[in-house]
Structure formats: structure tokens, C-alpha cells
Amino acid sequence: MAVLLLLLLLLAASSTSTADEAFIGVNIGTELSDMPHPTQVVALLKAQQIRHIRLYDADRGMLVALADSGIQVIVSIPNEQLLGIGQSNSTAANWVSQNIVAHYPATNITAICVGSEVFTTTPNAAKILVNALKYVQSALVASNLERQIKVSTPLPSSIILDSFPPSQAFFNQSLNSILVPMLNFLQSTGSYLMLNIYPYYDYMRTDGVIPLDYALLEPLPPNKEAVDSNSLLHYTNGFDAVVDAAYYAMASLNFTNIPILVTESGWPSKGDASEPDATLENANTYNSNLIRHVLNKTGTPKHPGVAVSTFIYELYNEDMKAGPLSEKNWGLFDPDGKPIYVLHLTGSGNVLANDTSNQTYCTAKDGADKKMLQAAIDWACGPGKVNCSALLQGQPCYEPDNVFAHATYAFNTYYHQMGEAPGSCDFNGVAAVTTTDPSHGSCVFPGSLGKNDTMLGNLTAPSMNSSSTDSSAYGFYGDPFTRIATMIGFLISSAVLL
């Protein structure tokens, strides 16, 4: 009984800490002439360690492919469906039944976007937007899913007027009759204000008044920082200024406890003659800086240390998008999964591990439980068929003699044995892909490049007819029974030690 109680407490603690962590997600648009199959999309997401995505619809094929992937998903009700849902509770209930209940919990749906930028793109539906939010929420309540899945609607930052200095920002007052009940809804349901932020457009509109480095989140000297004359807060980038402007705009309507989720932000990598700053280098700089900024939990000047999780726009270049050339070039990848540019992400975590041209490695996660790491080492060096002789005393990878270093060697060797296959660097969540070579001194890791840029460690994956009980990436951790047995064994041993 005590063991079971301890298991429940550990699971509860784990879910709480995960929910509060800052994350980077990616939007997935589908206006491609050669849209990859959903299984290919999911394979790319896994390979790039992308754990949060936003869909612009609730495509059944994608939701099925995402089942049991561990990826958290925001689905959307397209604007063209809003009028029907906002005018009929039963229509909303049917939508939730077909697109949410039919897939949850196998597909980890965490939120529903009810329309997108409705005020500016579909103004005739704005009057029923709050009704649509409430009807969808009611359908979730009826299915006992209201605690697991949030309901909101992405807003364009353009509805915030007089956005600098942020302390005097306010929403377009002609929208207050809709915004006030909408904010009431978000507050009462514990949801978040979804906001699309594009410093690229702000920069373009000001015709050079906003410095490019300020828009790109590049470091600024103190004399170049923008100062809010009312709060005296210093702003080093436009992204933070817009987020704080939204906080202040909500406060002007007496809402001070609604968190912000940035549902879109990015920078185009190519533009036409009138868009000279839509370049590969600027897109790389903006997205790399933004990812670091979010994952470092920097927060904003108004709310330092408060994470503002953000979805990058977008996964793929959408060549069928209408409009100027830049509209087709916001993506991180082309349809075959090749990076459009190489992100500068070394030292900022494992998400979007494409900041080298070819090579990735598998390392133990910082802060991972030492007993879980040891169990993973035991599996990798046993059933996983990793040759761990380099970790023995007197061998080149013995030092540093700690579980983290030894786990990284075992994980990385297994990862390369498996051909860097998606899913082969997980080990029940204590490992992750990185682009930083963990080799040190005379300890050269498999996959590392030698002096002549030739890959070291020519490894062969275990035979499919191996006598090992499980040749999958998860091995010891793979099936639910084994995972439960492992956890119970771990808990029992912990109880004995206690």
C-alpha cells in the first residue's frame, strides 16, 4: 500500500512539474503541393525532439498518427466552421465528440483553438466567438475533459493599441464588448490568452524606426535599450515588449491573472524585392534567439522568470500560400525534412536538434533521476547489446566516473547502433538528442567526427532475430507492463533503502 501511494505521489509530482515548464512548440500548416504523410510528419517531430505542436484543424490522419507519440497537441476549429459552432450547442458537442473524444487520451490533446485571429480575418463571426468558446467548453465538461483540455482563441497583437510604452497599452476599445466576456471566460476556466506575435511585421511597418537587432532579439548595449517612461522598465527586444503590452492591456480591463501563450511567432527566410530583411540569416537569428529566450525562462521585464511558452511559425515552407514571397517561406523544413537553415542552438536544450549539418548524439538529460539512469545503463549494456567496455576502470571513457557521463556514453552508442532512428534516444524519458558532441579527451563517442571529418564508430544494429527479448529503442522500458514492473521494482528498492 505504501509503495502504491509513493508511486501515485511521484506521478503527481512529475505531471505538475511538466505542466509548469516553458516549452517551444511548432505550428504545422498544410498548404504544400507535396505535403508529407502524417506518419512522416510525426517521424520528423520525434527526430527533432518537438514535443508540442499546433494544428490548424483537427485532421483525423494527423491525430491518428500522433497517438501514443507523447507529443502534446493543440487542435483548431477553422474560422469557416465558427458560425455553425457559435450558433449551436449541439454542433459544438458533435465537433468535440468526433475530433476530441474519439482520439483522447491516446492522442495527447491539450487545447482547442476556437478560430484564429477572428477579429481581423473573419469579423462577421466575432459576435458569436464567445458563444463558440462556451459551447466547446460545455462539450468538454460533458465528457469530463475540461481539466485536461483548455479552450481559447488566438488573437493578433494588432488589436493592442499604443503598444509602446507597454505600460500604457490597451485593446482596441471597439472590441471590448467581446473581449471583456472572452477574458472572463478565460479567467473562469483557467485558460490562457493566445497571442500571435510577429516582430518582423512590426519592424517592416515602422520603416526602420525599430532597429533590426531589437526585432531579432539580438543583444543590445544599454544605451540602445527601449525604456518605458512610466514603469522605467528596459526592453531589449520587441517580443517582450508586445507580451508585456498584452499584460498591461488586460490589466486595464481588470484582468491580472491570465497567463499568455504565444501561438505564433517567427521570421520569413525569403522575400521579394520589397522584403529585403526576409533572409535566411535573419530567420535563423530570430528563431534561434527566440528558442533560447523561451527555454531559458527569462520572462519579460514586467514578469521576469515567468515562462512564455511559444509556438514557432512554422514546420514547413508552404509553397501554395497566397500573397508575397515571404508568405511561402516561414518554415523550418522543406517537405522531405531537410532544414531550410541550420539553427544556432548549441547549449539551449534538445528541441529542434538541427544545428549541425548532419550529426546528432544522444545524451542523458540534465537532472534525470540517477536510479533511472542506472537502470537504463544496465539495459543498454545488457539486452541492448552496447559494448560498454570503454566505461571500465582504466579505459578511456571511465572518467568522469558518474552515472550521468556513463549513461551518455551508453545511450549514444545504442542510438548510433540503431542508425539514429526516431525513438532510439529516449530510455523512458531520461535521454534526449543533442547536436553537441559529448566526446572528451581520449574518450571519442560513436558518431563523433575525427580529425579528417570522418565519422568514428562504424556500428551495426542488432540483428532482428537476436536472442534479446526486445531490440526496440525502448527495450526494458517498451511495453506498459514492463514499465510498470520496472517502476514498482524501483519503488520497492527505494522503500527498502528508506
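Is Phe-427 buried or exposed? In this predicted model, Phe-427 turns out to be buried, with just 1% as its relative accessible area. Its partner is Phe-411, and the two rings form a stacked aromatic pair, sitting 4.2 Å apart centre to centre with 15° between their planes. This pair links distant parts of the chain, as Phe-411 belongs to helix α14 (residues 403–417) while Phe-427 is found in the loop between α14 and β15 (431–434), 16 residues away. Phe-411 counts as buried too, at 0% relative accessibility.

That stacked pair is one entry in a longer list, since the count of aromatic pairs comes to 17. Another entry brings together Tyr-198 and Tyr-313, whose planes stand at 85° with the ring centres 6.1 Å apart; planes over 60 degrees apart count as edge-to-face, so that is the label this pair gets. Tyr-198 is in the loop between β9 (193–196) and α9 (199–205), and Tyr-313 is in the loop between β13 (310–312) and β14 (361–364), so the contact ties together parts of the chain that lie 115 residues apart in sequence. As for exposure, the cut-off for buried is under 20% relative accessible area, so Tyr-198 makes it at 11%, and Tyr-313 is likewise buried at 7%.

Tyr-198 and Tyr-313 also show up in a wider group: ring pairs link them into a cluster with Tyr-200, Tyr-201, Tyr-203, Trp-267, Tyr-286 and Trp-330.

Finally, there is a charge to mention alongside the rings. Lys-302 lies over the face of Tyr-248, 4.2 Å from the ring centre.

Note on methods
Residues numbered from 1 in each chain as written. Predicted model: local features only at pLDDT ≥ 70, side-chain atom pairs only at ≥ 80, totals over all residues. Heavy atoms only, no water. Phe/Tyr/Trp six-rings, centres within 6.5 Å; stacked < 30°, edge-to-face > 60°. Helix = DSSP H or I, 4+ residues; strand = E, 2+ residues; numbered from the N terminus. Buried < 20%, exposed > 50% of the residue type's maximum accessible area, 1.4 Å probe, protein only. Lys NZ or Arg CZ within 6 Å of the ring centre and 35° of its normal.
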